[in-house]
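Trainee: I am new to this structure and would like a close look at a single part. Please start from one residue and work outwards.

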Amino acid sequence: MTTEMSPGSRERLLEAAAALTYREGVNVGVDALCKAAGVSKRSMYQLFESKGELLAASLEECASAQVTAPFPEADDTRTPRERILHVFEQTEAQASDPGFQGCRYLAVQIELKDPNHPASRAAHRIKENLTAFFRTEAERGGANDPDLLARQLMLVFDGAGARAGIKADTHGGLVIPTVTTLLDAANMR
């Protein structure tokens, strides 16, 4: 006999997981997740094999809206250099939001420390998409070493997000000049 679940139970769980884990970390309990979603634990486990699977699904769901937000549109005609700078400009604008606590995907990987955890794997895939974007734009822009530049840009991206997330660097104006220096050193057009 299957239990009827109210419409939207899955969506409410995904939203609760996104909100609570961003605010409190991945160690938030199943009880708290279910309470915030208005869903029983039984229903949660009918929808998701484990809390880890719920967290992974939540990260994937967030990625579609949050991770793509800073990217230029596919038909954007700016140069590769300008497209990379656009990502950092948008991210810097997001970081000025009072509720910003850094990159949720980096935080998950740091908190879990287990690269095989479902949420760690999801976060890793999402971060790799950003690295791939930087690498593609670096290749298109004629960078000396596109792989190295992509890794350097990720270092700045993660470092800037982490510092902004802990409110350690609230003055702005550091990220774009740093990225510009990297782009110049790589001979990016």
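Trainee: Is Cys-103 buried or exposed, and what is its relative accessibility?

Mentor: First, the ground rules. This is a predicted model, in which local features need pLDDT of at least 70 and side-chain atom pairs count only at pLDDT 80 or more, while totals for chains, interfaces and linings use all residues. Residues are numbered from 1 along each chain as its sequence is written, and side-chain values use heavy atoms, with hydrogens and water left out.

Now your residue. Cys-103 is buried, at 18% relative accessibility. Buried means under 20% relative accessible area, with a 1.4 Å probe and protein chains only.

What about disulfides? The whole structure has zero. The test is a pair of cysteine sulfur atoms within 2.5 Å. For Cys-103, the nearest cysteine sulfur belongs to Cys-62, 11 Å away. Cys-34 is in no disulfide either, and its nearest cysteine sulfur, again that of Cys-62, is 17 Å away. Cys-34 is buried too, at 4%.

Next, look at helix H6, residues 104–112. Helices here are DSSP runs (H or I, at least four residues), numbered from the N terminus. The buried residues of H6 are Arg-104, Tyr-105, Leu-106, Val-108 and Leu-112. After H6 comes Lys-113, with a positive phi near 60°.

Two of those buried residues lead inward. Tyr-105 and Val-108 are among the residues with the most contacts inside the largest nonpolar core, which has 31 residues. Such a core joins buried Ala, Val, Leu, Ile, Met, Phe, Trp, Tyr and Cys residues through side-chain atoms within 4.5 Å. H6 shares this core with H1, H2 (30–37), H4 and H7 (118–140), each giving two or more residues. H4 gives the most, with seven. Leu-54 is another of the core's best-connected residues. Setting aside residues up to four places away in sequence, Leu-54 touches Leu-13, Leu-14, Ala-17, Leu-33, Met-44 and Phe-48. A second, separate core of 22 residues includes Ile-84, Leu-130, Val-156 and Ala-186.

Val-108 has one more role to show. Along with Arg-104, Val-108 helps line the largest cavity. A cavity is a set of points on a 1 Å grid where a 1.4 Å probe fits but cannot get out, and lining residues have an atom within 4 Å of a point. The lining also includes Ala-17, Thr-21, Leu-55, Leu-59 and Ala-119. H1 (9–24), H4 (51–67) and H6 each supply at least two lining residues.

Technical notes:
On a 1 Å grid over the protein atoms alone, a cavity is a set of points where a 1.4 Å probe fits but cannot get out, and a pocket is an open set with protein on both sides within 12 Å along at least five of seven lines; lining residues have an atom within 4 Å of a point. Buried means under 20% relative accessible area, exposed over 50%, partly exposed in between (1.4 Å probe, protein chains only). Contact means heavy atoms within 4.5 Å.
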